[in-house]
Amino acid sequence: FAGRKIRFYRTKAKIYGVEIQKAMYNLGRISINENNMKDQISLINDDINNLANVFEPDTFDIITCNPPYMTDQHGIKNDGDAKTIARHEVLCNLEDVISQTAKLLRPGGRCYYVHRPFRLVEILSMMSQYKIEPKRMQLVYPYVDKEPNMVLIEGLRGGKSRLAVEKPLIVYKEQGVYTDEIYDIYGY
């Protein structure tokens, strides 16, 4: 979250990535290999709903997810198109993401979601339903005078009720010029 100074740490922890689309999975593997990360990062080509057959329950300390944002009623779709699958709930939906997070996240583990504000009530409600307590939230605005187009949410499995709302993050000062806060996040 931008409200806190971002520091990037190298870790020796084992990292798993899950990608349902074969083409995206293959691109991910190329990136992992080209960056000499194949000993640390494993990429799995599978359906999120099958992960309980791949991993034991309560396995992970942290889960991050940038799930499909749109339901069937939102946006333009081309059936079977990679962008449609990435952006729309075609092969998984919000409940799949949150229910699988609840199964795989250890008690006291944290999850991080990037999503769209128009689904915020649904996201928070579903997190609570699956015993993932929303702990922090930040709205991301493309420009100061525009509506937010992203929401960042941190959850704690089995946490007590208390949600902190971070100050808004504004991405651009003007077309093509990031705000100072974005430059700080990127380390410029």
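Is Asp58 buried, partly exposed or exposed? With a relative accessibility of 37%, Asp58 counts as partly exposed, because that value falls between the 20% that marks the upper limit for buried and the 50% above which a residue is exposed. Keep in mind as you explore that this is a predicted model.

Let's stay with Asp58 for a moment, since it has a partner. Asp58 forms a salt bridge with Arg157, and their closest N and O atoms are 2.6 Å apart. Find the two residues in the sequence and you will see that they are 99 residues apart. Asp58 sits in the loop between strand 2 (41–45) and strand 3 (60–65), while Arg157 belongs to strand 6 (residues 150–157), so the pair links distant parts of the chain. Arg157 is also partly exposed, at 22% relative accessible area.

Now move along to strand 3, where Asp61 is found. The side chain of Asp61 meets that of Arg106 in a salt bridge, with 2.4 Å from N to O. Arg106 lies in strand 4 (residues 105–115), so this bridge ties together parts that are 45 residues apart in sequence. Asp61 counts as partly exposed at 45% relative accessibility, and Arg106 does too, at 31%.

There are further charged pairs to look for. A search of the whole structure finds eight salt bridges. One of them joins Asp180 to Lys173, with the closest N and O atoms 3.4 Å apart. Both of these residues are exposed. Elsewhere, salt bridges with shared partners connect Arg110, Arg136, Glu154 and Glu166 into one network.

Let's step back to the whole protein. Its secondary structure comes to five helices and ten strands. Of its 188 residues, 37% count as buried. If you take the contacts between residues at least 6 apart in sequence, 70% of them join residues at least 24 apart.

What about the inside? The largest nonpolar core has 24 residues. Those with the most contacts inside this core are Ile98, Cys111, Tyr113, Met127, Ile132 and Ile153. Several elements give two or more residues to it: strand 3, helix 3 (94–104), strand 4, helix 4 (120–129), strand 5 (132–141) and strand 6. Helix 3 gives the most, with five residues.

Which residues are in contact with Cys111, leaving aside its neighbours within four places in sequence? They are Ile63, Thr101, Leu105, Met127, Ile132, Ile153, Glu154 and Gly155. You have already met Glu154 as a member of the salt-bridge network. Apart from the largest core lies another one, of seven residues, including Met150, Leu169, Ile182 and Ile185.

Finally, let's return to the outside. The protein exposes about 12,000 Å², and carbon and sulfur atoms supply 51% of that area. Which residues make a nonpolar surface patch of about 270 Å²? The patch is made by Met24, Leu27 and Ile30. Met24 is found in helix 1 (residues 22–34), and with a relative accessible area of 35% it is partly exposed.

How values were computed
Residues are numbered from 1 along each chain as its sequence is written. This is a predicted model: local features need pLDDT of at least 70, side-chain atom pairs count only at pLDDT 80 or more; totals for chains, interfaces and linings use all residues. Side-chain values use heavy atoms; hydrogens and water are left out. A salt bridge is a side-chain nitrogen of Lys or Arg within 4 Å of a carboxyl oxygen of Asp or Glu. Helices (H or I, at least four residues) and strands (E, at least two) are DSSP runs, numbered from the N terminus. Buried means under 20% relative accessible area, exposed over 50%, partly exposed in between (1.4 Å probe, protein chains only). Contact means heavy atoms within 4.5 Å. Accessible areas come from the Shrake-Rupley method with a 1.4 Å probe; for residues, only the protein chains shown count as cover. Patches are made of residues with over 30% relative accessible area and no salt bridge: like charges are joined within 9 Å, nonpolar side chains (Val, Leu, Ile, Met, Phe, Trp, Tyr) within 5 Å. A nonpolar core is a set of buried Ala, Val, Leu, Ile, Met, Phe, Trp, Tyr and Cys residues joined through side-chain atoms within 4.5 Å.
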